[in-house]
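Biologist: I am new to this one. Could you take me through it, one question at a time?

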Amino acid sequence: MQPFLEQISILSLITFLPLVGMVWVLFLRDDDRIKKFATWFSVIPLILSVLLWFGYDKDAGGFQYEAFFSWIPNVGINYHVGVDGFSVPLIFLTTLLTTISLWYSAGVIQTRVKEYYAFFLLLATGMLGVFISLDLFLFYVFFEIGLVPMYFLIGIWGGPRREYAAIKFFLYTLAGSVLMLLGLIAVAFNTPGDNPFTLVRGGMTSDWLTAAPIPFASDPTGALAVAAFLGFLIAMLIKVPSFPFHTWLPDAHVEAPTAGSVILAGVLLKLGTYGLVRVAMPLFPEAFQMLAVPIGFLAFTSIVYGALVAMAQWDFKKLIAYSSVNHMGYVTLGIVATVAAVNGVTPEALAADPMLAENLEAARVAALDGAALQMFTHGVITGALFLLVGLIYDTRTHERDFRELGSGLWRTVPKYGTMLMIAAFASLGLPGLAGFVSEFLVFNGAFRVGLAGNQPLLILTALSVLGILFTAAFILWKVIQMLLLGPQNERWIGTPDLTNNELAMLAPLMFFIIAFGVYPWPILEFIHGASQSLVAHMNVDANLIEVARAASAALTSLR
Amino acid sequence: MLDLSPDWGVILTHFAPELILVIGALGLLSYDLYVRGKDGLQPWITLGVLLAAALATGWLYTMDPAEVFEGRSAGEVFRSGAFLSDSFTHFFRLMSVLTAGLVTLSGIAYMRGKTAFKGEFYAFVLFAALAMNLMAGANDLIVIALGIEFLSLVSYILTGYIREDRLSIEGGLKYFLYGSITSAAMLFGLTYLYGIAGSTSLPVIAEAVRQPENLVVTHLSTFIVPAALFLVLAGIGFKVAIAPFHQWSPDAYQGAPTPVTAFLSVGPKAAGFAVMMRLFITVFGTPELSATWLGVLGALAGLTMILGNVAALTQSDVKRMMAYSSIAQAGYMLVGIAAFGGTALMGTTPLGAVLFFILAYLFTNLGAFAVIIAVDRLTGSSSVSAFAGLSKRSPFLAIALTIFFLSLIGIPPLSGFFGKFAVFGAAVASDMFGLAVVGVLTGVVSAVYYFQIVKTMYFGDPAEGGALRPSPGVVFVVATALVMTLIIGLVPQPFIEIANQAVTALEPIAGSMVAR
């Protein structure tokens, strides 16, 4: 019998403390006390997630801090939680953005304060739960829980078209989720053993259960397996959101209150790509590989189309929203490169270059590293950008149109201008800032996989580079040139600059943008281990490596 | 040869819940005669009677069947009687008592002053519970017909109970006319079954349809069985309100006093499905025989889910909307029955899934109706606009109704989600993917109309301010339903077991017992 605290696990504390906070908030009366309490209370999970960051044993890797209870034994559903290198940074990101959002909201939310903070804390529990789940069913439950509070956050405290945006967000995501539900049932039916819902599969290890086999083992690319995979895929692509499922995003982002946008872009979108990594890749390696190129095409479209549409926006918030479609496209592209098939590698080529297979594996790991890192960096960068939009719009100008806001804002509000400059440059991928590292890794990995023998992927990757160009264009043109530079706009002279309080809110985000841009290893260290083991576990190129070994062995024996 | 002389001890024991209900109902009627003027006790007497019936059922539950039946096997008992007192019946006895009890509690304040005939109203509620019990345990065509007719008549009266209200009368009349026709169709179908077997007893019919050479009219049998079953399905489908036998329900739901609407949305559905399962599974549940009706049932399930969920979209009256919503929910339940041929599913059988669904649905739907009853009583209207700003006028009712709706949509970890998970899991296990896809996607559609109300409650401003104070009965029912919706969702295991145990009484008889 393990000690009680150990069995509960720090992960359960991180996840359910916000829920406790929510219940507490319901019993508080005074608005100011609610704001103070909720903000400070959200610091506890943040501290715990920092402890988690430093407590996670990177050398050992694998799932750690596990907790396990049998939840519905009849059906084989467990409360099984644990973290690896993919989830630790995202848990930290979630708790950080939650605290910053609550802190920011204290200044701008004046109506129905109690409900707002209650919903926000519930939302935090839902998001964190997704990142700790090692049981598919649990994953689904948490995936759904976040829907409801977000609906209310947009619908009550949002902009003029909030009701439409809220229900659109809700229905889109729900439609994806229910397809995932069917996929989940199909997975459970096609997994032999006592734990049909576990996410610990194949070669993975857990302290609590032996890994279940990969589902649909007898026919991994059969109709049923592909149908189940599509259920998951569509659910995740809606959440990401990837073209053509992205239309809910601009509405939701533009109408949501600032803190809602920060969480939506910073964390909720990551649930989709995280789901691809945590669920779709280990459960459907072969079905995923089969559909890799079409998905890659969607990623490419999201990248280029998202950037072009962003360029056409005059609304600051909408521009950032569409830039998320673009940036999340890189994540999808990286994931696709991780699973994409490689053809035309002949035994002779492998024999001539025994390193080919190993290099391919390294390329896949790089692409996945990039994708996972991009989840974190996009969360920080876009979180900062939405916060900056809110800071200028909510309390200062009540204006988001570039033509009205510009120009010369840097001179009018220099501190604000500097912050915006850093975040915007990070967003366009300037080397030295965090966004560059992850995008570079994605392209690096994708190119190498493409070069190794996947022509369509190579072309899609090459064309996706255009996205970087367009991103640079709209950031430089709209955000930098129209907004910050140029002669001062008379209308905004006298607008107060950022207060110390507001600077303090932005400080952690700016710190990570710069720190991980200059020296990304502390975070890559996590991700790299997890990527390596996932790629090894998926065994995408197992036959290639075998062929290579056999060929080189044959060569040596000939000599 | 079995000893068929009446054993009063066994009869009194196994009819205890029904006897209590009969005595209670008759007592309430005479109470009104003698204690005229002293008002207000009738609902409490009703609750006391229901509690006694529930305790009696609980007592039966704990009995060891072997001891009760004095060494006779369950199969022999099945062959012998017109009414069965097994765990399947017990489950539905509890459902009927719970439904009647929660409806009574939430309706006390609503019915006060609405009618002069109070004693009769509550007596009819007890009669309705009795009728549902009879349906659940029916093992004979006569008892099935009697049970369904009994429940129908009580329902007609309750629907049209408020004579001063034109809508109430209209709803009752429509219900009655439609019900008469489907009853006739069902009775006609039952005569065919009688004709085939020469008996009204389900076990005899079961034996007859399994041995074609025993059939009285052999050359017609292949055609007659499906025809008879479809006619019977019309009668039962009318009670549970599945498409295309549902047309009565929007008008009846809207016109009926709201507590009666709440009752209609749960009680007859549960009892109807009990009869459907008993008849279709035990008698016609073999692979060869079920081929004649499974397809029809699956198609009706799909139609019901689509029609219910789509038609609910355009309703501006909440009671009408809930009528279509409960049609859609009946469609989900039907999916579980249509999938019954599938392999046992993850610790729960398809039929166990249906029972679990009904259990979850009972609390969620009655909770939602308790809120509607309160709003209807306090604002005098059940239109969507009456719910405007409810989150400000009564935060408790608003958040409760939101949670009930989320459960009906199937958002985890609420009870309704597990119900859907179970029945659609059964569908997937039986390779009925089409049905499962239709089910989950129409579930998304349902979110539109449920959230129309949520939106009105939270985003709208109240037409007239002022806090709404629900009656204690409503508060109790809403709180109970809320707790159960959460508990069944968070800890589904014991409830899955209860449901599974209930259907074990049903299933073995389907296979080995009769075929011997």
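Modeller: What follows is a set of questions and answers on a predicted model.

Biologist: Which helix gives the most residues to the largest nonpolar core?

Modeller: That core has 409 residues. A:F170, B:F92, B:M277 and B:F284 touch the most other members. The helix that gives the most to this core is in chain A, spans residues 355–397 and supplies 22 residues: α16.

Biologist: Which residues of chain B does A:F170 touch?

Modeller: Leave out residues up to four places away in sequence. In chain A, the contacts of A:F170 are then A:L147, A:V148 and A:Y151. In chain B, they are B:L406, B:I411, B:A447 and B:F451.

Biologist: What residues lie nearest the centre of the largest pocket?

Modeller: This pocket holds about 1400 Å³ of space. Its lining counts 38 residues. Nearest the centre are A:M22, A:L26, A:L122, B:I399 and B:I403.

Biologist: Which helices of chain B supply at least two residues each to that lining?

Modeller: Both chains take part. Chain A brings α1 (4–26), α5 (113–132), α6 (136–145) and α7 (147–157). From chain B come α18 (390–393), α19 (395–409) and α22 (472–490).

Biologist: How many residues in the lining of the largest pocket are nonpolar?

Modeller: Sort the lining by class. Polar residues number 3 and charged residues 4. The nonpolar count is 31.

Biologist: Is strand β2 of chain A enclosed or open, and how many of its residues are buried?

Modeller: Take the two faces in turn. On one side, A:I77, A:Y79, A:V81 and A:V83 are buried. On the other side, A:N78, A:H80 and A:G82 are buried too. The strand, residues 77–83, is therefore largely enclosed by the rest of the structure, and its buried count is 7 of the 7.

Biologist: How many bridges join β1 and β2 of chain A?

Modeller: β1 covers residues 64–72 of chain A. A:S70 has A:N78 as its bridge partner in β2(A). A:F68 has A:H80. The two strands run antiparallel, and the number of bridges is 6.

Biologist: Which residue in the turn of that hairpin has a positive phi?

Modeller: β1(A) and β2(A) form the hairpin, with 4 residues between them. One residue in the turn has a positive phi of about 80°. That residue is A:G76.

Biologist: Is A:Y65 buried, exposed or partly exposed?

Modeller: A:Y65 lies in strand β1 of chain A. Its phi is positive, about 55°, although A:Y65 is not a glycine. The relative accessible area is 31%, so A:Y65 is partly exposed.

Biologist: And A:H398: buried or exposed?

Modeller: A:H398 sits in the loop between α16 and α17 (402–405) of chain A. A:H398 is not a glycine either, yet has a positive phi of about 50°. Exposed means over 50% relative accessible area. A:H398 reaches 53%, so the residue is exposed.

Biologist: Where is the cis peptide bond that ends at A:P244?

Modeller: The bond starts at A:F243, and omega is near 0°. A:P244 is found in a loop of chain A. That loop runs between α9 (223–239) and α10 (248–255).

Biologist: Which residue does a cis peptide bond join to B:P413?

Modeller: B:P413 lies in the loop between α19 and α20 (415–429) of chain B. Omega of the cis bond is about 0°. The residue joined to B:P413 is B:P412.

Biologist: How many helices are there in chain B?

Modeller: Chain B has 516 residues, and 64% are buried. Take its contacts between residues at least 6 apart in sequence: 82% join residues at least 24 apart. Strands number 0, and helices number 24.

Biologist: How far apart in space are B:V438 and B:L506?

Modeller: B:V438 is found in helix α21 (residues 433–459) of chain B. At 25% relative accessibility, B:V438 counts as partly exposed. Beyond four places in sequence, B:V438 touches B:G302, B:M305 and B:I306. B:V438 and B:L506 are 68 residues apart in sequence, and their C-alpha to C-alpha separation is 28 Å.

Notes. Residues numbered from 1 in each chain as written. Chains lettered and ligands numbered in written order. Predicted model: local features only at pLDDT ≥ 70, side-chain atom pairs only at ≥ 80, totals over all residues. Heavy atoms only, no water. Core = buried A, V, L, I, M, F, W, Y, C linked by side-chain atoms within 4.5 Å. Buried < 20%, exposed > 50% of the residue type's maximum accessible area, 1.4 Å probe, protein only. Contact = heavy atoms within 4.5 Å. 1 Å grid on protein atoms, 1.4 Å probe; cavity = no way out; pocket = protein on both sides within 12 Å on 5 of 7 lines; lining within 4 Å. Points joined across faces, edges and corners; volume = space filled by probe spheres on them. Nonpolar A, V, L, I, M, F, W, Y, C, P; charged D, E, K, R; others polar. Pairing = 2+ DSSP bridges.
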